[in-house]
Amino acid sequence: MTLAHGRTRRRGTFNFLAGHVFMPIELGVKKLMLILVLLCAGAAAEVAPPEFYAPNEELRAYLLEAGEKHPKLRALHEEWLAALEKVPQVTSLEDPMLGFSYFLQSDDSRYSVMLSQMFPWFGTLRERGNKARAEADAALARLYAARNEIFAGVKKAYFEYAYLAESVRVTESQVDILTYMEGVVNSRYGLGMSGQEDLLRIQIEQTKLQDRYDGLMQYRPALAAQLNAAVGREAAADPEWPQPAPLPPEAPPAPIVMARLRVTNPELTEAAHLIEGSEREVELARKMGYPNFTFSLEYLDMKDVRNPYRTGPFLETLDAFRTWTTPVRVDLPPLPNLNDTLAGQFETAATGIRSLREQTQPDNLGGLMGMNSLVELEEAYDNAKRKDEVMLSVNVNVPIWRKRIKAGIDEAKHRVAAAEHERQRRAISLDAQARMALFDMQDGRRRYQLFDQTLIPQAQQTYEALQTSYASGGTETDFLDVLDSIQTLLDFELEKVQAGRDLQLAAAELEWIMGGPWASESAVPVADESTKPSADATPERLP
């Protein structure tokens with residue numbers, strides 16, 4: 001899996017994240033201008049991980065190992081994957097609500113079941129997804145920024161280690177000169193042409209050089225540990241002395257550097273995605289002023305429930321008959337006999353009243369009309385055909401507290417402004433760092449060329465002339481002048497090595513700031529084993 005800028009994902013094993021690491025070749029300014037135009041034209045498009053400059057195969061291997069195994073990159077890679085997993089979470093609806101109610105006491109129902117789902121305002125889920133994707137893009141840019149920082153750290157540790165190796169090599173080369181001069185002094189001392197003070201002076205210089213060598217070798221484990229830590233290795237044995245590396249190509253002009261870092265620097269890309277996420281937050285805050293909808297579906301169980309309110313056509317007819325003054329088919333009681341005694345007449349009247357009362361009861365009336373059986377059938381039919389109730393409802397929240405909503409919108413706008421100011425701060429800081437890196441590159445290259453092409457050849461010639469005159473027995477050459485020329489040559493050699501180190505460190509810094517190199521690939525130079533110090537060199541006394 002190769003990580004690409006944007007939303008490419010996802011599963012599988014963690015890859016080295018290194019993009020492409022390539023070798024140096026110089027480009028003209030016109031070609032760099034063309035590349036810059038192409039970069040600016042495609043600034044809004046998704047771009048692949050940038051390539052990185054490596055002057056030899058050894059450093060290339062270190063960079064690839066750091067990109068694949070460094071714990072910080074692995075952690076940021078997992079954070080990016082976690083940010084991607086947030087997108088489907090925020091773009092989905094909330095879980096629906098399922099409710100169940102059981103009526104402990106009710107004349108109508110036994111239980112009800114309700115299912116409800118809330119729907120946010122139109123476009124809310126889309127804006128949430130856009131905000132989450134912007135945050136995932138920012139996490140990816142943060143991963144690329146960390147990768148660039150780690151690569152720069154690997155290069156700086158590598159060139160510091162290489163500087164130590166070159167210092168050891170220069171110190172070893174000076175040993176040969178002092179050893180040769182010690183033989184010359186001994187010869188002159190044996191012939192009585194030099195005093196003992198010359199022999200003592202050469203021995204003092206040898207002791208000083210031995211101390212310098214011991215200090216350099218004691219420094220090796222510390223720099224080796226820094227290199228291993230920069231690569232992301234566990235504590236291990238000291239690496240081999242670095243291979244010789246050519247100087248980096250000339251840096252492009254300052255305007256091109258400034259324009260390119262605004263396009264390709266991952267820190268600025270991260271800041272741009274953070275601004276985008278804050279803008280999406282403004283839209284989400286605005287949508288808080290619109291209502292959300294909740295749709296509910298409720299089922300009410302109505303089985304085995306008697307309806308006391310429905311009478312039906314037959315019972316309605318019976319009620320109508322109840323209002324009649326004279327019942328239908330009512331047997332009238334006999335009238336009292338006037339010839340009976342007064343008590344007999346009263347008893348006959350009471351019997352007639354009871355008979356009328358019994359005949360006008362609802363059941364007897366229905367029986368008289370033949371309707372009682374029809375009423376029972378209607379009630380049974382009414383209960384058998386009773387249907388359960390289903391209800392659909394819609395609830396809408398009313399966002400009436402406008403001050404709270406306006407405050408949320410203003411808060412989101414302030415965050416957008418803060419993110420824009422932060423991006424501007426980063427851009428200004430990167431511009432200043434780029435200017436300093438360009439100066440350090442120019443200064444390092446100038447000093448390197450000065451020592452390599454002028455001062456060291458002159459010091460070498462001075463030493464050879466004085467050494468030849470002193471060895472031939474000339475009395476006009478003082479031994480102090482010979483020692484001074486040797487010390488000057490040693491200092492110039494170390495200054496040249498330091499200038500080369502400073503140039504490499506500045507190039508690594510500039511590449512980090514620009515987000516990638518300014519050169520294309522070339523053949524890897526073959527290491528010259530004769531110029532490398534011994535890998536198993538120990539701080540024992542030099543020969």
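## The four-stranded sheet

In this predicted model, Phe 119 stands opposite Phe 293 in strand E5. The two residues belong to a pairing between strand E4 and strand E5 (residues 293-300), which run antiparallel and are joined over eight bridges. E5 also pairs with E6 in the antiparallel sense, again over eight bridges. In that second pairing, Thr 294 has Asn 395 in E6 as its bridge partner. On the other side of E4 (residues 111-119), strand E3 pairs with E4 over six bridges, also antiparallel. Here Ser 101 is set opposite Ser 112 in E4.

Taken together, these pairings give an open sheet of four strands in the order E3-E4-E5-E6, with antiparallel pairing. Strand E3 (97-102) and strand E6 (389-396) are the edge strands, and each pairs on one side only. Direction ignored, neighbouring strands of the sheet are turned against each other by 15 degrees on average. In a regular strand, side chains alternate between the two faces of the sheet.

## Helix H5

Helix H5 (residues 196-231) has 36 residues, which at 1.5 Å a residue should span 52 Å; the end C-alpha atoms of H5 lie 53 Å apart, so the two values agree. The helix nevertheless has a bend of about 30 degrees at Arg 220. A proline, Pro 221, follows Arg 220 within four residues. Just after H5 comes Gly 232, with a positive phi of about 95 degrees.

## Helix H12

Helix H12 (residues 402-471) has 70 residues. From its first C-alpha to its last, H12 reaches 98 Å, close to the 104 Å expected at 1.5 Å a residue. A kink of about 40 degrees in H12 is centred on Phe 451.

## The second largest pocket

The second largest pocket has a volume of about 460 Å³. Its lining consists of 19 residues, and those nearest the centre of the pocket are Glu 166, Ala 245, Tyr 448, Val 497 and Gly 500. Helix H4 (124-190) and helix H13 (479-514) are the elements that give two or more residues to this lining.

By class, the lining of the second largest pocket divides into ten nonpolar, four polar and five charged residues.

## Cavities

Rolling a probe the size of a water molecule over the atoms shows where empty space is left. In this model the count comes to three cavities of 30 Å³ or more. The largest cavity has a volume of about 60 Å³.

Which residues line the largest cavity? They are Tyr 53, Lys 155, Phe 159, Pro 248, Pro 249, Gln 504, Ala 507, Ala 508, Glu 511, Pro 517 and Trp 518. H4 and H13 each supply at least two residues of this lining. The largest share, four residues, comes from H13. Eight residues of the lining are nonpolar, one is polar and two are charged.

H4 and H13 thus recur in the two linings: they give two or more residues to the second largest pocket, and each supplies at least two to the largest cavity.

Note on methods:
Residues numbered from 1 in each chain as written. Predicted model: local features only at pLDDT ≥ 70, side-chain atom pairs only at ≥ 80, totals over all residues. Heavy atoms only, no water. Pairing = 2+ DSSP bridges. Axes fitted to C-alpha atoms, helices over the stretch in contact; angles between N-to-C directions. 1 Å grid on protein atoms, 1.4 Å probe; cavity = no way out; pocket = protein on both sides within 12 Å on 5 of 7 lines; lining within 4 Å. Points joined across faces, edges and corners; volume = space filled by probe spheres on them. Nonpolar A, V, L, I, M, F, W, Y, C, P; charged D, E, K, R; others polar. Expected span 1.5 Å × (residues − 1). Bend = angle between axes of the 7 residues up to and from the residue.
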